[in-house]
Amino acid sequence: YAEKIQTALLPSQQTLKQLLPNHFVLYKPRDIVSGDFYWVRQVEHIILIAVADCTGHGVPGAMMSMLGISFLNDISRRKEVNKPSLILSELRNQVKTSLKQTGKRDEARDGMDMAFCEINTETNILQYAGANNSLLLFRNNEMFEYKADRQPVSIYFKEKEFTDHQIQLQKGDRIYM
């Protein structure tokens with residue numbers, strides 16, 4: 001039953017096909033429920049996409065993925081949080097607050113690694129920010145890696161702002177997250 005609940009929160013194949021016609025998802029949970037998730041939402045002419053790997057497997061990872069999905073649903077409704085780097089920062093703040101992470105030695109450091117993209121369907125510009133998860137672009141038989149910041153979406157001893165990367169997409173580009 002937990003698997004049904006978690007699956008219901010993931011984007012449907014119909015939604016994915018409508019927003020991203022030429023996509024594929026490789027989603028193979030190790031356990032019945034998963035600490036990995038993918039998330040998609042359209043806000044006007046912007047398509048938001050996240051792929052995440054949460055701390056833990058099974059039930060602990062699934063609980064983190066449920067938090068991540070819920071927080072992204074909330075954050076994506078706010079107009080002032082309008083860049084991938086800001087979305088990752090706000091998500092980190094919400095994870096830290098909800099899990100009461102202060103940086104003390106004995107507390108849990110649960111969180112997630114994530115690649116987050118925003119595609120403007122009018123300009124064909126992709127913006128990307130990553131927390132330990134890079135983005136790969138294949139163009140004309142060449143691979144380009146856009147490196148993630150080496151920090152998670154959670155408490156971290158060397159926290160810094162996340163970096164935005166901007167890519168003008170071209171016909172035939174393939175993106176892997």
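Is E44 buried or exposed? In this predicted model, E44 is exposed, with a relative accessible area of 62%. The residue sits in the loop that joins β1 (36-43) to β2 (46-54). Its backbone is notable as well: E44 is not a glycine, yet its phi is positive, at about 55 degrees. Most residues other than glycine have a negative phi.

N124 also has a positive phi without being a glycine, with a value near 60 degrees. This residue is placed in the loop between β3 (112-120) and β4 (125-131). N124 counts as partly exposed, because its relative accessibility is 34%, a value between the limits of 20% and 50%.

**Overall architecture**

The chain contains four helices and eight strands. Read from the N terminus, the elements follow the order α-α-β-β-α-α-β-β-β-β-β-β. Along the principal axes, the C-alpha atoms fill a box of roughly 50 × 40 × 30 Å. The radius of gyration of the chain is 16 Å, which agrees with the value near 16 Å for a compact globule of 177 residues.

Buried residues account for 42% of the 177 residues. The accessible surface of the chain is about 10500 Å², and carbon and sulfur atoms contribute 51% of that area. Of the contacts between residues at least 6 apart in sequence, 59% join residues at least 24 apart.

**A contact between strands**

I49 is one example of a residue with contacts to distant parts of the sequence. I49 belongs to strand β2 and counts as buried, because its relative accessibility is 10%, which is under the 20% limit. The C-alpha atoms of I49 and F116 are separated by 5.8 Å, although the two residues are 67 places apart along the chain. Beyond its neighbours within four places in sequence, I49 is in contact with L20, W39, V40, A115, F116, C117, I119 and M177.

**Charged residues and salt bridges**

The chain carries 22 positive and 21 negative charges, and the mean positions of the two sets are 2 Å apart. The count of salt bridges comes to 10. Three of these pairs are set out below.

| Pair | N to O distance |
|---|---|
| R30 and D31 | 4.0 Å |
| R92 and E159 | 3.8 Å |
| D149 and K160 | 3.7 Å |

How exposed are the partners in these pairs? R30 is exposed, with a relative accessible area of 62%, whereas D31 counts as partly exposed at 32% relative accessibility.

The side chains of R92 and E159 meet in a salt bridge of 3.8 Å, N to O. This pair links distant parts of the chain, with R92 in helix α4 (residues 84-98) and E159 in the loop between β6 (142-146) and β7 (165-168), 67 residues apart. R92 is buried, with a relative accessible area of 4%, while E159 is partly exposed, with a relative accessible area of 32%.

D149 and K160 form their salt bridge at 3.7 Å, N to O. Both residues lie in the loop between β6 and β7, 11 residues apart. D149 is buried, with a relative accessible area of 7%, and K160 is partly exposed, with a relative accessible area of 44%. In addition, salt bridges that share partners join D74, R78 and E90 into one network.

**A buried glutamate without a salt bridge**

Which side chain of opposite charge is nearest to E118? That side chain is K83, at 9.4 Å. A salt bridge requires a side-chain nitrogen of Lys or Arg within 4 Å of a carboxyl oxygen, so a separation of this kind does not qualify. E118 is therefore a buried acidic residue with no salt bridge.

E118 is found in strand β3. Leaving out residues up to four places away in sequence, E118 touches I46, I47, L48, N82, K83, P84, I125, L126 and Q127. K83 thus appears both as a contact of E118 and as the nearest side chain of opposite charge.

Definitions and conventions. Residues numbered from 1 in each chain as written. Predicted model: local features only at pLDDT ≥ 70, side-chain atom pairs only at ≥ 80, totals over all residues. Heavy atoms only, no water. Helix = DSSP H or I, 4+ residues; strand = E, 2+ residues; numbered from the N terminus. Buried < 20%, exposed > 50% of the residue type's maximum accessible area, 1.4 Å probe, protein only. Lys, Arg positive; Asp, Glu negative; His and termini not counted. Contact = heavy atoms within 4.5 Å. Rg over C-alpha atoms; globule rule 2.2 N^0.38 Å. Areas by Shrake-Rupley, 256 points an atom, 1.4 Å probe, with all protein chains shown as cover. Charge placed at Lys NZ, Arg CZ, Asp CG, Glu CD.
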